[in-house]
Amino acid sequence: MNLITLSKQRFAACTVTLTVATVGVMAVSSAMAQKTTSLLMSQSSSSIVGSWRLANMTVSSAPTPMVPPQATELTADFTGASSEPGKADRIFGSGGCNRFMGGYTVQGDQLNIQPLASTFKACEQSIMNQEFKYLQALQGAQRYEVDDQGQLTIHYRTEKESGVLRFTAQTVRGLW
């Protein structure tokens, strides 16, 4: 074999390797783009799925005084659609003092949050009172909507009152 033939074979092998590597990078890039798009769409304008932080709570159209936000963080994280028919999706979050978890179902814009379980930490009485009202309101959820700005509104009714919970989308930490 002469030097020119050997060089052509090595060049062809490098070209094949480079082409295979490029296709592999393109496939990985495409898969990452689909995953990112899927993650962003999961908190789309009509989906309740995602991580939410309570911005305010009203009772019968009047704002409810809230413990200062730096003292507490009230959140709700809704998981995606359950793959098993008749099985509830999951909700979890923070009531300001304790963590809570439970199930929920959605039918159209109707929202039903099943009884929630929570941890049993003790906090200041004002925080505990706020947490109790928040969890009661969540469990009284009737319907929801997500507006064009990506804010979630949950309309609720309990035995004692009705009102609205307004949430803003939380950014997903540690992804970027």
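# Group meeting talk: a walk through the model

Let's begin in the middle of a strand: Gly-103 sits in strand 5. One thing before I go on: this is a predicted model, so please hear everything I say with that in mind.

So, Gly-103. Is this residue buried or exposed? It's buried, with a relative accessibility of 2%. Its contacts, once we skip residues up to four places away in sequence, are Ala-88, Asp-89, Arg-90, Ile-91, Asn-112, Ile-113 and Gln-114. Take Arg-90 from that list: Arg-90 and Gly-103 are 13 residues apart along the chain, and their C-alpha atoms are separated by 4.4 Å.

Okay, next door in sequence is Tyr-104, and that brings us to the rings. Searching the whole structure turns up three aromatic pairs. One of them is Phe-78 with Tyr-104: the ring centres are 4.9 Å apart and the planes meet at 90°, so we call this pair edge-to-face. Phe-78 belongs to strand 3 and Tyr-104 to strand 5, so the pair ties together parts of the chain that are 26 residues apart in sequence. Both partners are tucked away: Phe-78 is buried at 3% relative accessibility, and Tyr-104 is buried at 1%.

Then there's Phe-100 with Tyr-134. That pair is edge-to-face too, with 6.1 Å from centre to centre and 70° between the planes. What does this one connect? Phe-100 is in strand 5 and Tyr-134 is in helix 2, so parts 34 residues apart in sequence get tied together. Phe-100 and Tyr-134 are both buried. And if you add Phe-167, you have an aromatic cluster made of Phe-100, Tyr-134 and Phe-167.

Some of those names come back when we look at the core. How many residues are in the largest nonpolar core? There are 27, and the ones touching the most other members are Phe-78, Tyr-134, Leu-138, Ile-154, Leu-165 and Phe-167. Quite a few elements give two or more residues to this core: strands 1, 3, 5, 6, 8, 9 and 10, along with helix 2.

Let me pick Leu-165 out of that group. Ignoring its neighbours within four places in sequence, Leu-165 is in contact with Leu-54, Asn-56, Met-57, Tyr-134, Ala-137, Leu-138, Leu-152, Thr-153, Ile-154 and Tyr-156.

Tyr-156 also gets us to our next stop, Ala-141. This alanine is in strand 8, and at 6% relative accessibility it counts as buried. How far apart are Ala-141 and Tyr-156? In sequence, 15 residues; in space, 4.1 Å from C-alpha to C-alpha. Ala-141 touches Leu-111, Asn-112 and Ile-113, and also Ile-154, His-155 and Tyr-156, again leaving out residues up to four places away in sequence.

His-155 is worth a look as well. It lies in strand 9. With a relative accessible area of 19%, His-155 is still buried, because the cut-off for buried is under 20%. Beyond its neighbours within four places in sequence, His-155 contacts Gly-140, Ala-141, Gln-142, Arg-143 and Glu-145 on one stretch of the list, plus Gly-163 and Val-164.

Now, Arg-143 and Glu-145 take us to the charged pairs. The structure has two salt bridges. Arg-143 makes one with Glu-145, with 3.3 Å between the closest N and O atoms. Arg-143 is partly exposed at 32% relative accessibility, and Glu-145 is partly exposed at 39%.

Glu-73 and Arg-53 make a salt bridge as well, their closest N and O atoms being 2.9 Å apart. This pair links distant parts of the chain, 20 residues apart: Arg-53 is in strand 1, and Glu-73 is in the loop between strands 2 and 3. Here too both partners are partly exposed, Glu-73 with a relative accessible area of 32% and Arg-53 with 26%.

Last topic: the cysteines. How many disulfides do we get? The count is one. The partners are Cys-97 and Cys-123, with their sulfur atoms 1.9 Å apart. The link is right-handed, with 80° about the S-S bond. It joins distant parts of the chain, 26 residues apart: Cys-97 is in the loop between strands 4 and 5, and Cys-123 is in the loop between strand 7 and helix 2. The two ends differ in their surroundings: Cys-97 is buried at 7% relative accessibility, whereas Cys-123 is partly exposed at 31%.

That's my tour, thanks for listening.

Technical notes:
Residues are numbered from 1 along each chain as its sequence is written. This is a predicted model: local features need pLDDT of at least 70, side-chain atom pairs count only at pLDDT 80 or more; totals for chains, interfaces and linings use all residues. Side-chain values use heavy atoms; hydrogens and water are left out. A disulfide is a pair of cysteine sulfur atoms within 2.5 Å. Helices (H or I, at least four residues) and strands (E, at least two) are DSSP runs, numbered from the N terminus. Buried means under 20% relative accessible area, exposed over 50%, partly exposed in between (1.4 Å probe, protein chains only). A nonpolar core is a set of buried Ala, Val, Leu, Ile, Met, Phe, Trp, Tyr and Cys residues joined through side-chain atoms within 4.5 Å. Contact means heavy atoms within 4.5 Å. Rings of Phe, Tyr and Trp (its six-membered ring) pair if their centres lie within 6.5 Å; planes under 30 degrees apart count as stacked, over 60 as edge-to-face and the rest as tilted. A salt bridge is a side-chain nitrogen of Lys or Arg within 4 Å of a carboxyl oxygen of Asp or Glu.
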